[in-house]
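Visitor: I have a structure in front of me and would like to learn how to read its features. Could we go through them one at a time?

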Amino acid sequence: QVQLVESGGGLVQPGGSLRLSCAASGFTFSRYTMNWYRQVPGKERELVATITSPGITTYAGSVKGRFTISRDNVKKTGYLQMNNLKPEDTAKYYCKCYLYWGQGTQVTVSS
């Protein structure tokens, strides 16, 4: 059974950090590019970061320098380290790998 399960979201103050995880099962995770997206109610889903199978990364301009995407192909897990969080980073964060999506994890940045 194919699954992508995100974890690590929560409530954090501005300037704080969170690390999201995305655990994959049921397919060959290491073969595929992995993405993190985020979505605010009423808005389109936004691509935040991408990491290819060999580890090449790209970022949206709004998070570059603050977020770091990584992956552990042995553990079949992807990560999104988010530093210096801002209120505008508040959203539900989703991981995507190949055709598959996780269920999302909520990140709220507020004082």
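Visitor: With which residue does R38 form a salt bridge in which the closest N and O atoms are 2.9 Å apart?

Guide: Keep in mind that this is a predicted model. The partner is D89. R38 sits in strand β4 and D89 in the loop between β8 and β9, so the pair links parts of the chain 51 residues apart. Both R38 and D89 are buried.

Visitor: How many salt bridges are there in the whole structure?

Guide: A search finds 3. R38 also pairs with E46, where the closest N and O atoms are 2.8 Å apart. The third joins R66 to D89 at 2.7 Å. R66 lies in the loop between β6 and β7, 23 residues from D89 in sequence.

Visitor: Is R66 buried or exposed?

Guide: Read the relative accessible area and compare it with the cut-offs: under 20% is buried, over 50% is exposed, and in between is partly exposed. R66 has 9%, so it is buried. D89 has 1% and is buried too. Through shared partners, R38, E46, R66 and D89 form one network of salt bridges. E46, at 30%, counts as partly exposed.

Visitor: Next, the cysteines. Which ones are joined by a disulfide?

Guide: Look for two sulfur atoms within 2.5 Å of each other. C22 and C95 are joined, with 2.0 Å from S to S. C22 belongs to strand β3 and C95 to strand β9, so the link ties together parts that are 73 residues apart in sequence. The link is right-handed, with 60° about the S-S bond. C22 and C95 are both buried.

Visitor: Why does C97 not bond to the cysteine sulfur closest to it?

Guide: The closest cysteine sulfur is that of C22, and at 7.3 Å it is too far for a bond. C97 itself is buried, with a relative accessible area of 0%.

Visitor: Strand β9 has come up already. Which strands does β9 pair with, and in which sense?

Guide: To read a sheet, take one strand and list its partners. β9 runs antiparallel to β4, with 6 bridges between them. One position to look at is Q39, which stands opposite K92 in β9. β9 also pairs with β11 in the antiparallel sense, over 3 bridges; there Y93 has T105 as its bridge partner. With β10 the pairing is again antiparallel, over 2 bridges, and C97 stands opposite Y100. The hairpin of β9 and β10 has 2 residues between the strands, and Y98 in this hairpin takes a positive phi near 55°.

Visitor: How many residues of β9 are buried?

Guide: The strand is mostly covered, with 6 of its 7 residues buried. A91 is found in this strand. At 3% relative accessibility, A91 counts as buried. Residues far off in sequence can still lie in contact with it: among them are R38, Q39 and T105.

Visitor: And the core: which residues have the most contacts inside the largest nonpolar core?

Guide: The general idea is that nonpolar side chains in soluble globular proteins tend to be buried together. Here the largest nonpolar core has 26 residues, and those with the most contacts inside it are W36, F67, L80, M82 and Y93. Elements that give two or more residues to this core include β4, β8 and β9. Take L80 as an example: beyond four places in sequence, the residues it touches include L18, W36, V48, F67 and Y93.

Key:
Residues are numbered from 1 along each chain as its sequence is written. This is a predicted model: local features need pLDDT of at least 70, side-chain atom pairs count only at pLDDT 80 or more; totals for chains, interfaces and linings use all residues. Side-chain values use heavy atoms; hydrogens and water are left out. A nonpolar core is a set of buried Ala, Val, Leu, Ile, Met, Phe, Trp, Tyr and Cys residues joined through side-chain atoms within 4.5 Å. Buried means under 20% relative accessible area, exposed over 50%, partly exposed in between (1.4 Å probe, protein chains only). Helices (H or I, at least four residues) and strands (E, at least two) are DSSP runs, numbered from the N terminus. Contact means heavy atoms within 4.5 Å. Two strands pair if DSSP finds at least two bridges between them. A salt bridge is a side-chain nitrogen of Lys or Arg within 4 Å of a carboxyl oxygen of Asp or Glu.
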